[in-house]
Amino acid sequence: MPWAMSDLHTRMMQLALSEARNAATVGEVPIGAVVYTADGTVLAKAHNQPQAMADATAHAELLAARGALAMRMPATPYLDDCYIAVTLEPCAMCAQALSWLRVKAIYFGAYDVKSGGVENGAQVLKHAHHKPEVIGGLCEVECAELMKDFFAKRR
């Protein structure tokens, strides 16, 4: 493996942060996500696009997961050998989708006490059939500051 696993996840969170910054520049809530394998192969990355796509479900996690699925050949409905790095704790919808996709682990940056669905709120993974490993707080300060700055500028 070319990367130590902790370095790999931090590197992928930096890519997710880049996606989140891209979202902010176009007026979308700055959340970014990257789906990748243990050897550091990025299958897909995305940022929130509910406004651009006129779709309230166009969350970064779902867009990145769909992109990763499209890269898999032969086609499979699962990402069971994949990780996802996302800048904000996934909401209940995204957490459940990541469970159904059987992702290996979810790495998230900032905690979302209002709308999170993993560590906060619904905590849907407690009752899911597939329970990905969850590691919160990766690059937490940087991820939280990006959200805070975005909303401060909108007020």
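**Exercise 1.** In which strand is the place of V34? Then work out whether V34 is buried or exposed, and list what V34 touches beyond its sequence neighbours.

*Solution.* Keep in mind that this is a predicted model.
- Step 1: find the strand. V34 sits in β1, which covers residues 32-37.
- Step 2: check the accessibility. Buried means under 20% relative accessible area. V34 comes out at 0%, so V34 counts as buried.
- Step 3: look at the contacts. Leaving out residues up to four places away in sequence, V34 touches M12, L15, A16, V42, A44, K45, Y83, I84 and A85.
- Step 4: try a residue further along. M53 is 19 residues from V34 in sequence, and their C-alpha atoms are 19 Å apart in space.

**Exercise 2.** Describe how β1 and β2 pair, and find the turn residue with a positive phi.

*Solution.*
- Step 1: get the direction. β2 spans residues 42-47 and pairs with β1 in the antiparallel sense, over 5 bridges.
- Step 2: pick out a facing pair. A33 stands opposite A46 in β2.
- Step 3: go round the turn. The two strands, β1 and β2, make a hairpin with 4 residues between them. In that turn, G40 has a positive phi of about 90 degrees.

**Exercise 3.** Name the buried residues of α4 and say what covers them.

*Solution.*
- Step 1: go along the helix, residues 92-100. Its buried residues are C94, A95, Q96, A97, L98 and S99.
- Step 2: see what lies over them. The cover includes α3 (60-71), β3 (82-88) and β4 (105-110).
- Step 3: step off the end. Just after α4, R102 takes a positive phi of about 60 degrees.

Technical notes: Residues are numbered from 1 along each chain as its sequence is written. This is a predicted model: local features need pLDDT of at least 70, side-chain atom pairs count only at pLDDT 80 or more; totals for chains, interfaces and linings use all residues. Side-chain values use heavy atoms; hydrogens and water are left out. Buried means under 20% relative accessible area, exposed over 50%, partly exposed in between (1.4 Å probe, protein chains only). Contact means heavy atoms within 4.5 Å. Two strands pair if DSSP finds at least two bridges between them.
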